[in-house]
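Q: I would like a close look at a single part of this structure. Please walk me through that part slowly, and then show me what surrounds it.

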There are 2 protein chains.
Amino acid sequence: MNRTSSKKTRGRLFIVSAPSGTGKTTVVNLLMKVDARFARSISMTTREPRGREKNGRDYWFVSAAYFKKQIRRGAFLEYARVLGSFYGTPKAPIAKALKAGHNALMSIDIQGTRQVKKCGLPLTTIFLLPPSMRVLEQRLRKRGTETPREITERLNLARKELTAMNEYDYAVVNGQLKEATEAIRTIIRAQRYRVQ
Amino acid sequence: MNRTSSKKTRGRLFIVSAPSGTGKTTVVNLLMKVDARFARSISMTTREPRGREKNGRDYWFVSAAYFKKQIRRGAFLEYARVLGSFYGTPKAPIAKALKAGHNALMSIDIQGTRQVKKCGLPLTTIFLLPPSMRVLEQRLRKRGTETPREITERLNLARKELTAMNEYDYAVVNGQLKEATEAIRTIIRAQRYRVQ
(Lines give C-alpha, C1' and ligand atoms only; values in the text may rest on other atoms or scores of the structure.)
Protein backbone atom coordinates (compact mmCIF):
# COMPACT_ATOMS: atom_id res chain seq x y z
CA MET A 1 0.00 0.00 0.00
CA ASN A 2 2.85 2.40 0.55
CA ARG A 3 4.45 1.65 -2.77
CA THR A 4 1.95 3.61 -4.85
CA SER A 5 3.46 5.75 -7.57
CA SER A 6 1.89 8.90 -6.16
CA LYS A 7 3.72 8.39 -2.89
CA LYS A 8 7.09 7.54 -4.37
CA THR A 9 9.57 10.33 -3.75
CA ARG A 10 10.87 10.04 -7.25
CA GLY A 11 11.08 12.97 -9.64
CA ARG A 12 10.76 13.03 -13.37
CA LEU A 13 12.77 14.57 -16.16
CA PHE A 14 10.84 16.85 -18.53
CA ILE A 15 12.14 17.87 -21.93
CA VAL A 16 10.76 20.78 -23.91
CA SER A 17 11.73 21.00 -27.58
CA ALA A 18 10.51 23.39 -30.24
CA PRO A 19 11.39 24.70 -33.67
CA SER A 20 13.40 27.91 -33.53
CA GLY A 21 11.24 31.00 -32.93
CA THR A 22 8.45 29.11 -31.17
CA GLY A 23 9.25 30.86 -27.90
CA LYS A 24 10.73 27.86 -26.12
CA THR A 25 13.19 29.83 -24.00
CA THR A 26 10.50 32.25 -22.78
CA VAL A 27 8.17 29.38 -21.85
CA VAL A 28 10.88 27.38 -20.05
CA ASN A 29 12.12 30.45 -18.13
CA LEU A 30 8.55 31.15 -17.02
CA LEU A 31 8.09 27.54 -15.92
CA MET A 32 11.32 27.71 -13.90
CA LYS A 33 10.21 30.97 -12.30
CA VAL A 34 6.74 29.72 -11.38
CA ASP A 35 8.04 26.46 -9.93
CA ALA A 36 11.42 26.96 -8.32
CA ARG A 37 11.61 23.32 -7.28
CA PHE A 38 12.91 22.20 -10.66
CA ALA A 39 16.42 20.85 -10.45
CA ARG A 40 18.75 23.20 -12.31
CA SER A 41 21.07 21.58 -14.77
CA ILE A 42 24.38 23.20 -15.67
CA SER A 43 25.75 22.26 -19.08
CA MET A 44 29.38 21.46 -19.76
CA THR A 45 31.15 23.06 -22.71
CA THR A 46 34.57 23.28 -24.34
CA ARG A 47 34.06 26.83 -25.60
CA GLU A 48 35.63 29.85 -23.90
CA PRO A 49 33.58 31.82 -21.34
CA ARG A 50 32.02 35.00 -22.77
CA GLY A 51 31.45 38.31 -20.98
CA ARG A 52 30.33 37.72 -17.40
CA GLU A 53 29.82 33.97 -17.76
CA LYS A 54 30.99 32.17 -14.66
CA ASN A 55 32.25 28.61 -14.31
CA GLY A 56 29.79 26.48 -12.34
CA ARG A 57 26.96 28.97 -12.77
CA ASP A 58 26.44 29.45 -16.51
CA TYR A 59 28.44 26.46 -17.70
CA TRP A 60 31.16 24.11 -16.62
CA PHE A 61 34.01 25.24 -18.83
CA VAL A 62 36.33 22.32 -19.55
CA SER A 63 39.01 21.23 -22.01
CA ALA A 64 38.21 19.16 -25.10
CA ALA A 65 40.30 16.30 -23.68
CA TYR A 66 38.29 16.28 -20.43
CA PHE A 67 34.98 16.51 -22.35
CA LYS A 68 35.90 13.54 -24.57
CA LYS A 69 36.86 11.51 -21.52
CA GLN A 70 33.40 12.24 -20.08
CA ILE A 71 31.78 11.10 -23.35
CA ARG A 72 33.66 7.79 -23.14
CA ARG A 73 32.58 7.40 -19.51
CA GLY A 74 28.93 7.81 -20.59
CA ALA A 75 28.65 10.81 -18.28
CA PHE A 76 26.33 12.81 -20.55
CA LEU A 77 22.58 12.59 -20.92
CA GLU A 78 23.15 14.19 -24.29
CA TYR A 79 25.88 16.14 -26.02
CA ALA A 80 26.47 17.83 -29.35
CA ARG A 81 29.16 19.65 -31.25
CA VAL A 82 28.13 23.13 -32.38
CA LEU A 83 30.49 25.34 -34.41
CA GLY A 84 33.52 23.37 -33.27
CA SER A 85 32.64 23.38 -29.54
CA PHE A 86 31.16 20.58 -27.47
CA TYR A 87 28.09 21.10 -25.29
CA GLY A 88 26.72 18.42 -22.99
CA THR A 89 24.35 17.79 -20.07
CA PRO A 90 25.98 15.80 -17.25
CA LYS A 91 23.79 12.90 -16.17
CA ALA A 92 24.79 12.48 -12.49
CA PRO A 93 23.33 15.73 -11.03
CA ILE A 94 19.98 15.13 -12.74
CA ALA A 95 19.80 11.46 -11.73
CA LYS A 96 20.56 12.52 -8.15
CA ALA A 97 17.87 15.23 -8.16
CA LEU A 98 15.23 12.81 -9.47
CA LYS A 99 16.12 10.29 -6.79
CA ALA A 100 15.63 13.00 -4.18
CA GLY A 101 12.10 13.56 -5.54
CA HIS A 102 12.73 16.72 -7.57
CA ASN A 103 11.60 17.20 -11.14
CA ALA A 104 14.12 18.39 -13.70
CA LEU A 105 13.39 20.47 -16.80
CA MET A 106 15.59 20.58 -19.89
CA SER A 107 15.16 22.66 -22.99
CA ILE A 108 16.98 20.78 -25.75
CA ASP A 109 16.62 20.01 -29.44
CA ILE A 110 15.28 16.94 -31.20
CA GLN A 111 18.67 15.26 -31.58
CA GLY A 112 19.36 15.77 -27.87
CA THR A 113 15.95 14.37 -26.95
CA ARG A 114 16.68 11.21 -28.93
CA GLN A 115 19.86 10.74 -26.89
CA VAL A 116 18.17 11.39 -23.52
CA LYS A 117 15.48 8.81 -24.32
CA LYS A 118 18.13 6.12 -24.05
CA CYS A 119 19.20 7.08 -20.52
CA GLY A 120 16.50 5.12 -18.68
CA LEU A 121 15.46 8.00 -16.39
CA PRO A 122 11.70 8.56 -15.92
CA LEU A 123 11.09 10.96 -18.78
CA THR A 124 8.27 12.99 -20.31
CA THR A 125 8.84 14.81 -23.59
CA ILE A 126 6.90 17.88 -24.68
CA PHE A 127 6.95 19.48 -28.11
CA LEU A 128 6.08 23.16 -28.36
CA LEU A 129 4.44 24.20 -31.63
CA PRO A 130 4.06 27.61 -33.23
CA PRO A 131 0.37 28.41 -33.91
CA SER A 132 1.17 28.45 -37.64
CA MET A 133 4.11 28.88 -40.01
CA ARG A 134 2.88 32.40 -40.74
CA VAL A 135 3.02 33.37 -37.06
CA LEU A 136 6.45 31.77 -36.76
CA GLU A 137 7.68 33.86 -39.70
CA GLN A 138 6.25 37.03 -38.13
CA ARG A 139 7.96 36.26 -34.82
CA LEU A 140 11.32 35.69 -36.47
CA ARG A 141 11.01 38.96 -38.43
CA LYS A 142 9.95 40.88 -35.31
CA ARG A 143 12.90 39.47 -33.36
CA GLY A 144 15.13 41.05 -36.00
CA THR A 145 18.19 38.93 -35.18
CA GLU A 146 18.22 37.11 -38.52
CA THR A 147 18.63 38.26 -42.10
CA PRO A 148 15.74 37.51 -44.53
CA ARG A 149 17.81 34.64 -45.92
CA GLU A 150 18.42 33.20 -42.45
CA ILE A 151 14.70 33.51 -41.72
CA THR A 152 13.90 31.44 -44.83
CA GLU A 153 16.44 28.83 -43.73
CA ARG A 154 15.00 28.74 -40.23
CA LEU A 155 11.47 28.33 -41.56
CA ASN A 156 12.56 25.44 -43.77
CA LEU A 157 14.25 23.85 -40.76
CA ALA A 158 11.12 24.43 -38.65
CA ARG A 159 8.97 22.67 -41.27
CA LYS A 160 11.34 19.73 -41.10
CA GLU A 161 11.47 19.74 -37.30
CA LEU A 162 7.68 19.70 -37.00
CA THR A 163 7.63 16.17 -38.39
CA ALA A 164 9.51 15.09 -35.24
CA MET A 165 6.46 15.92 -33.12
CA ASN A 166 5.32 12.30 -33.26
CA GLU A 167 8.41 11.24 -31.30
CA TYR A 168 7.16 13.28 -28.31
CA ASP A 169 4.67 12.36 -25.58
CA TYR A 170 2.83 15.70 -25.63
CA ALA A 171 2.42 18.61 -28.04
CA VAL A 172 1.40 22.12 -26.95
CA VAL A 173 0.62 25.02 -29.27
CA ASN A 174 2.31 28.24 -28.12
CA GLY A 175 -0.38 30.71 -29.16
CA GLN A 176 -0.59 32.63 -25.90
CA LEU A 177 2.41 32.37 -23.56
CA LYS A 178 0.24 32.05 -20.44
CA GLU A 179 -1.94 29.29 -21.86
CA ALA A 180 0.99 27.31 -23.22
CA THR A 181 2.80 27.52 -19.88
CA GLU A 182 -0.34 26.47 -18.03
CA ALA A 183 -0.77 23.51 -20.40
CA ILE A 184 2.78 22.34 -19.70
CA ARG A 185 2.25 22.74 -15.94
CA THR A 186 -0.89 20.58 -16.23
CA ILE A 187 1.11 17.92 -18.09
CA ILE A 188 3.85 18.05 -15.43
CA ARG A 189 1.34 17.81 -12.56
CA ALA A 190 -0.43 14.85 -14.17
CA GLN A 191 2.82 12.86 -14.36
CA ARG A 192 2.90 12.74 -10.54
CA TYR A 193 0.15 10.13 -10.77
CA ARG A 194 1.73 8.12 -13.55
CA VAL A 195 2.12 4.43 -12.76
CA GLN A 196 5.73 3.56 -13.56
CA MET B 1 0.37 22.34 -38.96
CA ASN B 2 -3.32 21.86 -38.37
CA ARG B 3 -2.99 18.22 -37.57
CA THR B 4 -1.54 18.71 -34.10
CA SER B 5 -3.01 16.48 -31.42
CA SER B 6 -4.15 19.44 -29.37
CA LYS B 7 -6.33 20.69 -32.23
CA LYS B 8 -7.84 17.34 -33.15
CA THR B 9 -11.53 17.23 -32.27
CA ARG B 10 -11.21 13.73 -30.94
CA GLY B 11 -12.25 12.73 -27.47
CA ARG B 12 -10.79 10.17 -25.15
CA LEU B 13 -12.23 7.41 -23.02
CA PHE B 14 -11.32 7.51 -19.33
CA ILE B 15 -11.73 4.55 -17.01
CA VAL B 16 -11.71 4.81 -13.24
CA SER B 17 -11.34 1.59 -11.26
CA ALA B 18 -10.92 1.06 -7.55
CA PRO B 19 -11.16 -1.59 -4.87
CA SER B 20 -14.58 -1.66 -3.19
CA GLY B 21 -14.97 1.05 -0.55
CA THR B 22 -12.41 3.40 -2.07
CA GLY B 23 -15.10 5.94 -2.92
CA LYS B 24 -15.05 5.44 -6.67
CA THR B 25 -18.75 6.22 -7.22
CA THR B 26 -18.57 9.48 -5.24
CA VAL B 27 -15.48 10.61 -7.16
CA VAL B 28 -16.94 9.73 -10.57
CA ASN B 29 -20.27 11.42 -9.80
CA LEU B 30 -18.40 14.56 -8.74
CA LEU B 31 -16.32 14.49 -11.95
CA MET B 32 -19.50 14.15 -14.03
CA LYS B 33 -21.12 17.03 -12.15
CA VAL B 34 -18.10 19.35 -12.52
CA ASP B 35 -17.69 18.63 -16.22
CA ALA B 36 -21.05 18.00 -17.86
CA ARG B 37 -19.42 17.50 -21.25
CA PHE B 38 -18.60 13.87 -20.54
CA ALA B 39 -20.50 11.50 -22.78
CA ARG B 40 -22.91 9.51 -20.65
CA SER B 41 -22.90 5.79 -21.18
CA ILE B 42 -26.00 3.69 -20.45
CA SER B 43 -25.32 0.06 -19.63
CA MET B 44 -27.35 -2.84 -20.98
CA THR B 45 -28.55 -5.56 -18.62
CA THR B 46 -30.66 -8.70 -18.58
CA ARG B 47 -31.88 -8.21 -15.02
CA GLU B 48 -35.36 -6.90 -14.20
CA PRO B 49 -35.83 -3.18 -13.53
CA ARG B 50 -35.97 -2.30 -9.82
CA GLY B 51 -38.09 0.41 -8.19
CA ARG B 52 -38.12 3.56 -10.32
CA GLU B 53 -35.48 2.41 -12.79
CA LYS B 54 -36.40 3.44 -16.31
CA ASN B 55 -35.44 1.81 -19.59
CA GLY B 56 -33.05 4.04 -21.58
CA ARG B 57 -32.23 6.18 -18.56
CA ASP B 58 -30.84 3.87 -15.87
CA TYR B 59 -30.21 0.84 -18.09
CA TRP B 60 -31.26 -0.71 -21.33
CA PHE B 61 -33.28 -3.66 -20.09
CA VAL B 62 -33.08 -6.49 -22.62
CA SER B 63 -33.63 -10.26 -22.85
CA ALA B 64 -30.80 -12.76 -22.40
CA ALA B 65 -31.19 -13.83 -26.02
CA TYR B 66 -30.78 -10.25 -27.27
CA PHE B 67 -27.80 -9.65 -24.96
CA LYS B 68 -26.03 -12.78 -26.20
CA LYS B 69 -26.62 -11.74 -29.81
CA GLN B 70 -24.96 -8.40 -28.99
CA ILE B 71 -21.98 -10.24 -27.45
CA ARG B 72 -21.54 -12.27 -30.67
CA ARG B 73 -21.75 -9.06 -32.72
CA GLY B 74 -18.91 -7.59 -30.65
CA ALA B 75 -21.23 -4.74 -29.63
CA PHE B 76 -19.85 -4.41 -26.10
CA LEU B 77 -16.80 -2.55 -24.86
CA GLU B 78 -17.00 -4.88 -21.89
CA TYR B 79 -19.56 -7.14 -20.30
CA ALA B 80 -19.83 -9.42 -17.30
CA ARG B 81 -22.22 -11.85 -15.66
CA VAL B 82 -23.04 -10.96 -12.06
CA LEU B 83 -25.33 -13.16 -9.95
CA GLY B 84 -26.87 -14.71 -13.07
CA SER B 85 -27.53 -11.43 -14.91
CA PHE B 86 -25.52 -9.88 -17.75
CA TYR B 87 -24.28 -6.30 -17.66
CA GLY B 88 -22.52 -4.65 -20.59
CA THR B 89 -21.38 -1.30 -22.00
CA PRO B 90 -22.42 -0.78 -25.64
CA LYS B 91 -19.49 0.38 -27.76
CA ALA B 92 -21.26 2.39 -30.51
CA PRO B 93 -22.52 5.39 -28.45
CA ILE B 94 -19.09 5.88 -26.85
CA ALA B 95 -17.20 5.56 -30.15
CA LYS B 96 -19.60 8.13 -31.66
CA ALA B 97 -19.14 10.56 -28.76
CA LEU B 98 -15.33 10.36 -29.00
CA LYS B 99 -15.46 11.02 -32.73
CA ALA B 100 -17.54 14.13 -32.04
CA GLY B 101 -14.77 15.35 -29.71
CA HIS B 102 -16.35 14.51 -26.36
CA ASN B 103 -14.57 12.67 -23.58
CA ALA B 104 -16.26 9.67 -22.01
CA LEU B 105 -15.88 8.47 -18.43
CA MET B 106 -16.53 4.92 -17.25
CA SER B 107 -16.38 3.51 -13.78
CA ILE B 108 -15.71 -0.20 -14.17
CA ASP B 109 -13.76 -2.99 -12.49
CA ILE B 110 -10.40 -4.50 -13.36
CA GLN B 111 -11.82 -7.31 -15.50
CA GLY B 112 -13.88 -4.78 -17.47
CA THR B 113 -10.84 -2.55 -17.96
CA ARG B 114 -8.90 -5.47 -19.42
CA GLN B 115 -11.68 -5.96 -21.96
CA VAL B 116 -11.93 -2.26 -22.89
CA LYS B 117 -8.17 -2.09 -23.50
CA LYS B 118 -8.68 -4.33 -26.53
CA CYS B 119 -11.23 -2.01 -28.18
CA GLY B 120 -8.73 0.31 -29.87
CA LEU B 121 -10.37 3.54 -28.68
CA PRO B 122 -8.04 6.28 -27.33
CA LEU B 123 -8.01 5.28 -23.68
CA THR B 124 -6.57 6.46 -20.36
CA THR B 125 -6.94 4.26 -17.28
CA ILE B 126 -6.92 5.58 -13.73
CA PHE B 127 -6.73 3.50 -10.56
CA LEU B 128 -8.13 5.00 -7.37
CA LEU B 129 -6.42 3.87 -4.18
CA PRO B 130 -7.57 3.98 -0.56
CA PRO B 131 -5.08 5.91 1.62
CA SER B 132 -4.44 2.67 3.54
CA MET B 133 -6.06 -0.70 4.27
CA ARG B 134 -6.93 0.61 7.73
CA VAL B 135 -8.87 3.57 6.29
CA LEU B 136 -10.57 1.27 3.80
CA GLU B 137 -11.71 -0.97 6.65
CA GLN B 138 -13.02 2.04 8.59
CA ARG B 139 -14.97 3.25 5.55
CA LEU B 140 -16.58 -0.14 4.99
CA ARG B 141 -17.57 -0.36 8.68
CA LYS B 142 -18.96 3.18 8.64
CA ARG B 143 -21.00 2.45 5.50
CA GLY B 144 -22.66 -0.31 7.46
CA THR B 145 -23.99 -2.20 4.44
CA GLU B 146 -21.82 -5.29 4.98
CA THR B 147 -21.57 -7.82 7.79
CA PRO B 148 -18.20 -8.18 9.58
CA ARG B 149 -17.57 -11.32 7.56
CA GLU B 150 -18.37 -9.57 4.28
CA ILE B 151 -16.03 -6.74 5.30
CA THR B 152 -13.21 -9.22 5.80
CA GLU B 153 -13.94 -10.74 2.38
CA ARG B 154 -14.00 -7.30 0.75
CA LEU B 155 -10.69 -6.36 2.38
CA ASN B 156 -9.08 -9.56 1.12
CA LEU B 157 -10.43 -8.82 -2.35
CA ALA B 158 -9.15 -5.23 -2.12
CA ARG B 159 -5.66 -6.48 -1.21
CA LYS B 160 -5.75 -8.68 -4.31
CA GLU B 161 -7.14 -5.92 -6.52
CA LEU B 162 -4.41 -3.49 -5.49
CA THR B 163 -1.86 -5.62 -7.31
CA ALA B 164 -3.70 -4.73 -10.56
CA MET B 165 -2.62 -1.10 -10.18
CA ASN B 166 0.36 -1.70 -12.45
CA GLU B 167 -1.98 -2.37 -15.37
CA TYR B 168 -3.24 1.23 -15.16
CA ASP B 169 -1.77 4.44 -16.61
CA TYR B 170 -2.33 6.55 -13.49
CA ALA B 171 -2.90 5.93 -9.78
CA VAL B 172 -4.53 8.46 -7.45
CA VAL B 173 -4.86 8.11 -3.68
CA ASN B 174 -8.37 9.00 -2.50
CA GLY B 175 -7.47 10.60 0.82
CA GLN B 176 -9.52 13.76 0.44
CA LEU B 177 -12.38 13.68 -2.07
CA LYS B 178 -11.63 17.16 -3.41
CA GLU B 179 -7.93 16.49 -3.94
CA ALA B 180 -8.50 13.13 -5.60
CA THR B 181 -11.08 14.63 -7.95
CA GLU B 182 -8.76 17.52 -8.78
CA ALA B 183 -5.93 15.05 -9.50
CA ILE B 184 -8.12 13.13 -11.93
CA ARG B 185 -9.22 16.36 -13.62
CA THR B 186 -5.55 17.30 -14.05
CA ILE B 187 -4.86 13.89 -15.63
CA ILE B 188 -7.85 14.31 -17.96
CA ARG B 189 -6.80 17.85 -18.97
CA ALA B 190 -3.23 16.74 -19.69
CA GLN B 191 -4.41 14.07 -22.14
CA ARG B 192 -5.66 16.84 -24.45
CA TYR B 193 -2.02 17.44 -25.34
CA ARG B 194 -1.10 13.80 -25.77
CA VAL B 195 0.51 12.99 -29.12
CA GLN B 196 -1.43 10.03 -30.54
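The answer below takes one helix of chain B and then moves out to selected residues and to chain A.

A: Keep in mind that this is a predicted model. The part to look at is helix 7 of chain B, which covers residues 177–191.

Start with its length. Helix 7 of chain B has 15 residues. At 1.5 Å a residue, the helix should span 21 Å. The C-alpha atoms at its two ends are 22 Å apart, which agrees with that expectation.

Next, ask which residues of this helix are buried. They are B:A180, B:T181, B:A183, B:I184, B:T186, B:I187, B:I188, B:A190 and B:Q191. A residue counts as buried when its relative accessible area is under 20%. Now look at the numbers in that list. An α-helix has 3.6 residues a turn, so residues three or four places apart point the same way. Try tracing the buried residues on the model with that rule in mind, starting from B:A180.

What covers these buried residues? Part of the cover comes from chain B itself, including strand 1 (13–17), helix 1 (24–34), strand 7 (123–129) and strand 8 (170–173). Chain A contributes too, with its strand 8 (170–173) and its helix 7 (177–191) among the covering elements. Both chains therefore take part in covering the buried residues of this helix.

Stay in chain B for a moment. B:T113 sits in helix 4, residues 110–116. It is buried because its relative accessibility is 2%, and the cut-off is under 20%. Leaving out residues up to four places away in sequence, B:T113 touches B:I15, B:S17, B:I108, B:T125 and B:Y168. B:T113 and B:I126 are 13 residues apart along the chain, and their C-alpha atoms are separated by 10.0 Å.

For contrast, find B:L83. It is in the loop between strand 4 (76–82) and strand 5 (85–90) of chain B. B:L83 is exposed, with a relative accessible area of 88%. Its phi is positive, about 50°, although it is not a glycine. Now check A:L83. A:L83 lies in the loop between strand 4 (76–82) and strand 5 (85–90) of chain A. It also has a positive phi of about 50° without being a glycine. At 86% relative accessibility, A:L83 counts as exposed.

Chain A helps to cover our helix, which makes it a good next stop. Chain A has 7 helices and 8 strands. With 196 residues, a compact globule would have a radius of gyration near 16 Å. Chain A has 18 Å, which agrees. Its C-alpha atoms fill a box of roughly 60 × 40 × 30 Å along the principal axes. Of its 196 residues, 47% count as buried. Take the contacts in chain A with a separation of 6 or more: residues 24 or more positions apart account for 68% of them. Chain A exposes about 11000 Å², and carbon and sulfur atoms supply 49% of that area. It carries 39 positive and 15 negative charges, and the mean positions of the two sets are 8 Å apart.

Is A:L129 buried or exposed? It is buried, with a relative accessible area of 2%. A:L129 lies in strand 7 of chain A, residues 123–129. A:L129 and A:R10 are 119 residues apart along the chain, with their C-alpha atoms separated by 29 Å.

Finish in a loop of chain A. A:R52 is found between strand 2 (44–45) and strand 3 (60–61). A:R52 is exposed, at 79% relative accessible area. Not counting residues up to four places away in sequence, it touches A:R57 and A:D58. A:R52 and A:T124 are 72 residues apart in sequence and 33 Å apart in space, C-alpha to C-alpha. A:E48 also lies in the loop between strand 2 and strand 3 of chain A. A:E48 counts as exposed, at 62% relative accessibility. Leaving aside neighbours within four places in sequence, A:E48 is in contact with A:E53 and A:F61. The C-alpha atoms of A:E48 and A:K68 are separated by 16 Å, and the two residues are 20 places apart along the chain.

Definitions and conventions. Residues numbered from 1 in each chain as written. Chains lettered and ligands numbered in written order. Predicted model: local features only at pLDDT ≥ 70, side-chain atom pairs only at ≥ 80, totals over all residues. Heavy atoms only, no water. Helix = DSSP H or I, 4+ residues; strand = E, 2+ residues; numbered from the N terminus. Expected span 1.5 Å × (residues − 1). Buried < 20%, exposed > 50% of the residue type's maximum accessible area, 1.4 Å probe, protein only. Contact = heavy atoms within 4.5 Å. Rg over C-alpha atoms; globule rule 2.2 N^0.38 Å. Areas by Shrake-Rupley, 256 points an atom, 1.4 Å probe, with all protein chains shown as cover. Lys, Arg positive; Asp, Glu negative; His and termini not counted. Charge placed at Lys NZ, Arg CZ, Asp CG, Glu CD.
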